[in-house]
Amino acid sequence: MALIDALRAEVLKSKRSLALWMAFLAPLMIEVLDFVLYFQRGYIRTDVEDAWLWLGQSTLSYWSLLMLPLFVALETALLSNVEHANEGWKHLFALPIPRATTYAAKQILAMAISGFSTFSLLGFTLLNGLLLRALRPEIGLDSSIPWGTLVTSAVLVFLGSWLLISLHTWVAARWKSFVVAMGAGIAMTVAGMVVVNWEWGRFYPWAMPGLMANQYMDGRMPVAELLLGSLGGLITAVVGCWEFTRRDVL
Amino acid sequence: MHDLVIETSGLTRRFGGLTAVDQVNLRVSPGSVYGFVGPNGAGKTTTIRMVLGLIRPHAGGVRLLGQPMAESRRALLGRVGALVESPSVYPNLTGRENLEVTRTLSRAEKRQIERALHIVQLQEAADRLVGGYSTGMKQRLGLALALLNEPELLILDEPTNGLDPAGMIEMRELLRRLPDECGATVFLSSHLLAEVEQVATHIGIIDRGKLRFQGPWEELHATMKEHVVLGVKRPALAKKTLERAGWAVRSNGSDRITVTANGNADAALINDLLVNAGLHVFHLSVQRPTLEDMFLTLTGNAQGGG
């Protein structure tokens, strides 16, 4: 099937580049810092009942509000830059594979990398906690691990991020400049820090995944945001694909 | 009767107020090496990009291998190999890995990679990173990419781009071998007339968007006259002598004169005429018009002669 071929080609093109490694390294870096902090401090948090829940929640929140949007901007910029920098589009579009398939492969890989990194973060957080508990039993992670809540939160973050991934995939493909793609990501993410204080801020694509996780932890299932993120993301991907693939390759 | 390999009808494209390609009707026959020539900015690359479906024409249509591009684009592109301007290669991959990427997308067989590497003679460097390749090697890799799916039609836009003289000779040898080795029709564009002259069987001349000439090399050749260039001690007198006998003569300044004439037989006649008139001839050569001469004449930039 053409899409599988296109995905294989994308993975091959990422060889010896940071694109795929980042999915693993970005969450790992956060966890190493966390480990050092908590190990040195000796306790997770004094004012919570369930330290596991707090640990998972705060790490995921920090990741999804700040790191994830920047990470998505970087990944999508890298995936398209490999073509922009090497005049790849004119070669790809003269091959017997539909243009839409090439675009779809880049979008799907960006989604896979984002999902992988989010779930890796969760995995590393849990490993982190177990390691801290083994080395410093007094640290307070005595309760059982709230798997259900944490995994559901991670799934919400992933599905909610589809809209922002689609937007970034399109921007990265449409404009040749790496600076434009990253700059847009940085600007939008920083704006998100302000927008969180606004009542409609929960629908702002760059803040949405993080706010969805927070909402869920507070006991409310963010249905509207879930639909906007996942369905909105798919619709945006289709529209972005249509727009990009009908352009002339000058 | 074989279908034309490339056939365009009234192909037109504008950029703002400029008509870059103006009602171009290409006719490329199977088995030929078609040299598409014109100065920089004449519309060669734009035409090629329209033929490949990379740019949408504002008017006109394209038929490849007998079928309209608009209807069977994907199937046709599977039978075509293209190298458009610079090669599209990924520096973080080896030569072989680059070929594997394209092979995956065009569904060619694995053995095609070795075959393509062999044709362009990159087997030894195949496992080195492309980032370390010379310009010539990258160009050859670009050609290998175009050859991967054993195309019936090879479209090469400026294949000697960025090559040094040695690289150009190598590429020229390669291009000459292709129709026999691969059975493909070759369509190549260039602004280097001397290069095209060496390999092409058919010529298409484009200038300022319009196709000025299209046909077999001999046909173009026949429209231009040969010259005999003579070096004589007394050019003015020689000129008068020849003109009295009915030849068309032109002075080149200094001691050379050019006579419009055909071939060696005429050259001998002229030589005899001058020698019998007591004029010593110290230089004599028969000049076939080059593609450059014909090009200059056709595009209206002729500077006399011919």
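Trainee: Where does Thr160(B) lie?

Mentor: Thr160(B) sits in the loop between strand 8 (153-157) and helix 6 (165-182) of chain B. Bear in mind that this is a predicted model.

Trainee: Is Thr160(B) buried or exposed?

Mentor: Thr160(B) is buried, because its relative accessibility is 8% and the cut-off for buried is under 20%.

Trainee: What is Thr160(B) in contact with, leaving aside neighbours within four places in sequence?

Mentor: With those neighbours set aside, Thr160(B) contacts Gln139(B), Met168(B), Met171(B), Leu192(B) and Glu195(B).

Trainee: Take Gln139(B), then. Where is Gln139(B) found?

Mentor: In helix 5 of chain B, which covers residues 135-147. Gln139(B) is buried, with a relative accessible area of 2%.

Trainee: And which residues does Gln139(B) touch, not counting those up to four places away in sequence?

Mentor: Leu83(B), Glu85(B) and Pro87(B) are among them. The list also includes Glu158(B), Pro159(B), Thr160(B), Asn161(B), Leu163(B) and Met171(B). Met171(B) therefore turns up for Gln139(B) and for Thr160(B), by the contact rule of heavy atoms within 4.5 Å.

Trainee: Other end of chain B. Where is the place of Ala245(B)?

Mentor: Ala245(B) is in the loop between helix 9 (235-244) and strand 13 (248-251) of chain B. Ala245(B) counts as partly exposed, at 47% relative accessibility.

Trainee: How many Å apart in space are Ala245(B) and Lys210(B)?

Mentor: 41 Å, C-alpha to C-alpha, with their positions 35 residues apart in sequence.

Trainee: Now the interface. How many residues of chain A are in contact with chain B?

Mentor: 32 residues of chain A, and they contact 32 residues of chain B. The two chains bury about 2,900 Å² between them, and 53% of that is on carbon and sulfur atoms.

Trainee: How many salt bridges are there between chain A and chain B?

Mentor: The count is 4. One salt bridge joins Glu97(B) to Lys15(A), where the closest N and O atoms are 2.7 Å apart. In addition, 22 residue pairs are in polar contact across the interface, both residues being at pLDDT 80 or more.

Trainee: Which helices of chain A each supply at least two residues of the side that touches chain B?

Mentor: Helix 1 (2-13), helix 3 (51-84) and helix 4 (88-92) of chain A. Helix 1 gives the largest share of that side, 7 residues.

Trainee: Last topic, the rings. How many aromatic pairs does the structure hold?

Mentor: There are 14 over all chains. For instance, Trp170(A) and Trp175(A) are edge-to-face, because their planes are at 85° with the ring centres 5.4 Å apart. Trp170(A) is partly exposed at 25% relative accessible area, and Trp175(A) is partly exposed at 35%.

Trainee: What kind of pair do Trp200(A) and Phe203(A) form?

Mentor: A stacked one, 6.0 Å centre to centre with 25° between the planes. Trp200(A) is partly exposed at 46%, and Phe203(A) is partly exposed at 23%.

Trainee: Which residues do ring pairs link into a cluster?

Mentor: Trp89(A), Phe93(A), Tyr103(A) and Phe244(A) are linked that way.

Trainee: What lies over the face of Trp175(A)?

Mentor: Arg174(A), at 4.7 Å from the ring centre. Phe39(A) has Arg136(A) over its face, at 4.8 Å from the ring centre.

Key
Residues numbered from 1 in each chain as written. Chains lettered and ligands numbered in written order. Predicted model: local features only at pLDDT ≥ 70, side-chain atom pairs only at ≥ 80, totals over all residues. Heavy atoms only, no water. Phe/Tyr/Trp six-rings, centres within 6.5 Å; stacked < 30°, edge-to-face > 60°. Buried < 20%, exposed > 50% of the residue type's maximum accessible area, 1.4 Å probe, protein only. Lys NZ or Arg CZ within 6 Å of the ring centre and 35° of its normal. Buried area = accessible area lost by both parts, 1.4 Å probe. Salt bridge = Lys/Arg side-chain N within 4 Å of Asp/Glu carboxyl O. Polar contact = N/O pair within 3.5 Å; in protein donor to acceptor, adjacent residues only side chain to side chain. Helix = DSSP H or I, 4+ residues; strand = E, 2+ residues; numbered from the N terminus.
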